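This report covers the fold and the surface of one protein chain. The sequence and model come first.

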Amino acid sequence: MTSTDLHHPDTRRAFRTVRRFVTVYLGLSVLTLAAAFALRSHTDVVTPAVWIRGTIVVASAAVTLLLAVRAAGGSRGAFRRLRILSAVMIAAIVAIIAVPGTFPVWMKIEQGLCGVALLGVAVVINGRQLRTLFATL
C-alpha cells in the first residue's frame with residue numbers, strides 16, 4: 001500500500017478530517033437557518049439578506065459534503081470541485097464580513113465560524129497527501 005492509495009491511513013485520515021470540517025460547516029449553517037426561523041418576527045435581526053444567504057449556505061454546505069464523500073471514494077471531479085468550492089466560499093465569506101451594514105453582526109460571526117471550517121477543508125484538500133493521490137489516480 002502506497003501513500004497514493006485511497007485506503008492508505010494518511011489518505012483516510014485526511015478525508016475524515018475534511019468530512020468533520022464540512023459537517024461542522026453544515027451544522028452551523030442549519031443552526032443559523034433554524035435561528036433565523038425562530039427569530040423571524042424580529043425583522044431588525046433577521047433581514048431578507050439573512051434568509052437568502054442562510055439558504056444559499058445550507059445548500060452549498062450540503063453540496064460540499066456530497067463532494068467530500070465522492071472525493072473520498074476516488075472521484076477526481078468531486079475533488080477538483082471541492083477545492084474550487086471551498087476557495088470560492090471562503091472568498092464570499094470574507095466579502096460578507098467586510099461589507100458593512102448588509103448582514104447583522106450575529107450572522108457575520110456565524111459566517112466567520114463557517115469560514116474557519118472551510119479554511120480547514122481548503123488546507124487539507126490542498127495538502128500534499130490528497131493532491132498527490134489525485135495526481136496519480
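The sections below describe the overall build, then the charges, then a nonpolar patch.

## Overall build

The structure is a predicted model. Its chain holds 5 helices and 0 strands, so the order of elements from the N terminus reads α-α-α-α-α. Along the principal axes, the C-alpha atoms occupy a box of roughly 55 × 25 × 20 Å.

Of the 137 residues in the chain, 38% are buried. Taking contacts between residues at least 6 apart in sequence, 73% link residues at least 24 apart. The chain has an accessible surface of about 7300 Å², and carbon and sulfur atoms account for 69% of that area.

## Charges

The chain carries 15 positive and 4 negative charges. The mean positions of these two sets lie 8 Å apart.

A surface patch of positive charge is formed by Arg12, Arg16, Arg19 and Arg20. Arg20 sits in helix H1, which spans residues 9-38. With a relative accessible area of 54%, Arg20 counts as exposed, because the cut-off for that class is over 50%.

## Nonpolar patch

Phe37, Trp51, Ile52 and Ile56 make up a nonpolar patch of about 400 Å² on the surface. Helix H2, residues 48-72, supplies the largest share of this patch, with 3 residues.

Phe37 belongs to helix H1. The relative accessible area of Phe37 is 48%, so this residue is classed as partly exposed. That value still qualifies Phe37 for a patch, because patch residues need over 30% relative accessible area.

Key: Residues numbered from 1 in each chain as written. Predicted model: local features only at pLDDT ≥ 70, side-chain atom pairs only at ≥ 80, totals over all residues. Heavy atoms only, no water. Patch = residues over 30% accessible without salt bridge, like charges linked within 9 Å, V, L, I, M, F, W, Y side chains within 5 Å. Areas by Shrake-Rupley, 256 points an atom, 1.4 Å probe, with all protein chains shown as cover. Salt bridge = Lys/Arg side-chain N within 4 Å of Asp/Glu carboxyl O. Lys, Arg positive; Asp, Glu negative; His and termini not counted. Charge placed at Lys NZ, Arg CZ, Asp CG, Glu CD. Helix = DSSP H or I, 4+ residues; strand = E, 2+ residues; numbered from the N terminus. Buried < 20%, exposed > 50% of the residue type's maximum accessible area, 1.4 Å probe, protein only. Contact = heavy atoms within 4.5 Å.
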